Amino acid sequence: MQQTAPPVPTRHRFTVDDLERMVRSGILLEDARVELIEGELYDMNPIGWAHQACVNWLTERFATALAGRAIVQPQGPIRLSAQTLPQPDLALLHPRPDYYRHAGPTPADVLLLVEVSDTTLAYDRDVKLPLYARADIPEVWLIDLPGQRVLVFREPVGDRYRDTLTYRPGDRISPQAFPDISLAVDDLLGA
């Protein structure tokens, strides 16, 4: 008797439109902590207090300093492609009169993306950063809370960034799009 190979499990791939339909139909909650990365749905880690404090601090500083010059979007999605919808911890977006009510932000709308990493540095650096580079996001900050540093990536080329800078306590950092804004890394890291 001939043995047959066990069936290969079916893998389901999704698009951003599929994800939006799942939210509209109630399959996923609107505030579900998931990211769509190259067609695969990932559960996101819970946010710790230090992580949330960093996002809160940055949101307040940027909202105050950039009023009328940029939209500060904390923990919201960016549509990188039909299959990729990450939710960076913070985005600085070009101003739009509708505040992105009628269509979410795409790479052309992004001035800066920030990922705060308390337990997710490898995922943010090895999975999300190449996606951001391929989408031509001009600048990404990875805030490494345990490592007490801010990794800054600028000038996307293919799936990497040409310029990589490291800022530590005692340094000051400015977004490339807004060099007039200077933030103390100590404050950013809660040091």
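**A few notes on Asp 163 and its surroundings**

1. A good place to begin is Asp 163, which is partly exposed with a relative accessible area of 31%. Here buried means under 20% relative accessible area, exposed over 50%, and partly exposed in between, using a 1.4 Å probe and protein chains only. Please keep in mind that this is a predicted model, where local features need pLDDT of at least 70, side-chain atom pairs count only at pLDDT 80 or more, and totals for chains, interfaces and linings use all residues. Residues are numbered from 1 along each chain as its sequence is written, and side-chain values use heavy atoms, with hydrogens and water left out.

2. You will find Asp 163 in strand S8, residues 160-167. Strands (E, at least two residues) and helices (H or I, at least four) are DSSP runs, numbered from the N terminus. Neighbours within four places in sequence aside, Asp 163 touches Val 152, Phe 153, Arg 154 and Glu 155, contact meaning heavy atoms within 4.5 Å. Between Asp 163 and Glu 139 the C-alpha distance is 9.6 Å, with 24 residues separating them in sequence.

3. Glu 155, one of those contacts of Asp 163, belongs to strand S7, residues 149-157. Although not a glycine, Glu 155 has a positive phi of about 65°. Glu 155 is partly exposed, at 35% relative accessibility.

4. Tyr 100 also has a positive phi, of about 70°, and is not a glycine. Tyr 100 sits in the loop between strand S4 (90-93) and strand S5 (110-117), and is buried at 10% relative accessible area.
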